[in-house]
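Work through the following exercises with the structure open beside you, and try each task before you read its solution.

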Amino acid sequence: MSQIALELKDVQKTINKKEIIKGVSLTVRQGEVYGFIGPNGAGKTTTIRMIVGLMKPTGGDIKILGKSIQHDYKEAAQNVGAIVENPELYPFMTGMQNLKHFARMYQGITRERIEEVVSLVGLEKAIHTKVRKYSLGMRQRLGIAQAILHKPKVLILDEPTNGLDPAGMREVREYIRRLADEEQVAVVISSHLLSEIELICDRIGIIKHGEIITERYVNEDDSDAVEKKIKVVIDVNEPEDAMNVLKSMEVDVVQEGKQLIVQLQREEIPPVVKTLVEHHISIYGVTGIKATLEEQFLELTGGNVIE
Ligand SMILES: Nc1ncnc2c1ncn2[C@@H]1O[C@H](COP(=O)(O)OP(=O)(O)OP(=O)(O)O)[C@@H](O)[C@H]1O
């Protein structure tokens, strides 16, 4: 397994006696894209501001490649790149001039490195155009290029696809994925857009009221489907008869036209189907529906999500 790039241990933040962050712990490995999601006001921005050193935690510890952001700020910070809120770009300068300007803030950034990041975010053609002529997606990509100039091992992006159209979102998503895969950067993306997160992240953590309430790998749910109930749609011609049989088996069922929607554990599916057949119910289809991340998210956050 790759090295841990970012580690938060029991991080807390209290402002004016109000506990805003109540002990957040998480780790992100090199090359991993971690989605940090939650409803508005959950504490995402506050956590991110602490990771990048803009705000001090009142408890716990944050480490970047093993260096504490509180105690070894300089060493830790040199391995972090971030866009918190909007990227700071000068619209009257070209993309290249912006990058050169930011490159001066760090030591040893070569012309080759600048060209490398330009090609990594796919801005070769527009790099000598003034930023005010850029689309929002291009600006975001230039922002990312700027944030990774100094080859940080951890990249933090606060709502990176905010305000982008679907094509822009796809572009940004592709470049973030490439960064993780090709440069082994650990990326943390905060968002309230679940569908976005599902497409790009390896793992997500859901934050609510200042606490991580669940953490999971995006493609993991096949494994827990074994213990968890899954939604199964059964297509029949005689829904009322089938309902009676299912109810007599004490199965949790609702009817939608000729479809019956039942909640079952995986191993309960064959006996239920068998019993229906034994009662001469003709079955035209049995389909398991995997709850989307969106549904799980709504369930976990009590439906109080997206703006
Ligand atoms: N400086 C502050 N003083 C008092 N309360 C604050 C301060 N900063 C944030 N909060 C409160 O802390 C909570 C978390 O805010 P935060 O901005 O971290 O949430 P968020 O998950 O990023 O939400 P959003 O998506 O709306 O930005 C909110 O209830 C907010 O009102």
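**Exercise 1. A sheet built around a central pairing**

Which residue is the bridge partner of Ile 234 in S13? Then describe the sheet to which this pairing belongs.

Solution. Please keep in mind throughout that this is a predicted model.

Step 1. Begin with the two strands, S11 (residues 230-236) and S13 (residues 259-264), which run antiparallel and are joined by six bridges. Following S11 to Ile 234, you find that the bridge partner in S13 is Leu 260. Another pair in these strands is Val 232, which stands opposite Val 262 in S13.

Step 2. Now look for a further partner of S11, and you reach S14, which runs antiparallel to S11 and is joined to it by six bridges. Here the residue to follow is Lys 231, whose bridge partner in S14 is Ile 289.

Step 3. Put the strands in order: the open sheet has four strands, arranged as S12-S13-S11-S14, and the pairing is antiparallel. The edges are formed by S12 (252-256) and S14 (283-289), each of which pairs on one side only. On average, neighbouring strands of this sheet are turned by 20° against each other, if direction is ignored.

Step 4. Finally, add the helix that accompanies the sheet: H10 (residues 269-278) lies across S11, S13 and S14, and runs at about 160° to S14.

**Exercise 2. One residue, two partner strands**

Which residues stand opposite Leu 8 in S2 and in S4? Use the answer to work out the order of the strands, and say which of them stand at the edges.

Solution.

Step 1. S1 (residues 4-15) and S2 (residues 18-29) run antiparallel and are joined by nine bridges. In this pairing Leu 8 stands opposite Leu 26 of S2.

Step 2. S1 also pairs with S4 (residues 59-64), in the antiparallel sense and over five bridges. In S4, the residue opposite Leu 8 is Ile 62, while the bridge partner of Glu 7 is Lys 63.

Step 3. The pairings of S1 fit into an open sheet of four strands with the order S2-S1-S4-S5, in which the pairing is antiparallel. S2 and S5 (67-68) stand at the edges and have a single partner strand each, so one side of each is left without a neighbour in the sheet.

Step 4. Look last at the hairpin of S1 and S2, where two residues lie between the strands and Asn 16 takes a positive phi near 50°.

**Exercise 3. Helix H5 and its two contacts**

At roughly what angle do the axes of H5 and H6 cross? Compare your description with that of the contact between H3 and H5.

Solution.

Step 1. Two packed helices are described by the angle between their axes and by the distance between those axes. For H5 (residues 136-148) and H6 (residues 166-183), the axes come within 8 Å and cross at roughly 20°. Angles under 35 degrees count as roughly parallel, and H5 and H6 are therefore roughly parallel to each other. The crossing in which H5 passes H6 is right-handed.

Step 2. H5 contributes Leu 136, Gly 137, Gln 140, Arg 141, Ile 144 and Ile 148 to the contact, and H6 contributes Gly 168, Glu 171, Val 172, Tyr 175 and Leu 179. Sorted by class, the residues of this contact are six nonpolar, three polar and two charged.

Step 3. For H3 (residues 95-103) and H5, the axes come within 10 Å and cross at roughly 25°, and these helices are therefore roughly parallel to each other as well. Their crossing is right-handed. The contact is made by Gly 95, Asn 98, Leu 99 and Phe 102 of H3, together with Leu 142, Ala 145 and Gln 146 of H5. This contact has four nonpolar, three polar and no charged residues.

**Exercise 4. The shell around the ligand**

Which helix provides the largest share of the shell around the ligand?

Solution.

Step 1. List the residues around the ligand, among them Ile 15, Asn 16, Gly 43, Lys 44, Thr 45, Thr 46 and His 192.

Step 2. The largest share of this shell, three residues, comes from H1 (residues 44-51).

Step 3. By class, the shell divides into three nonpolar, eight polar and one charged.

Note on methods. Residues numbered from 1 in each chain as written. Predicted model: local features only at pLDDT ≥ 70, side-chain atom pairs only at ≥ 80, totals over all residues. Axes fitted to C-alpha atoms, helices over the stretch in contact; angles between N-to-C directions. Parallel < 35°, antiparallel > 145°, perpendicular 65-115°, else oblique. Left-handed = near helix turned anticlockwise from the far one by under 90°. Contact = placed C-beta atoms within 7 Å. Nonpolar A, V, L, I, M, F, W, Y, C, P; charged D, E, K, R; others polar. Pairing = 2+ DSSP bridges. Near = placed C-beta within 6 Å.
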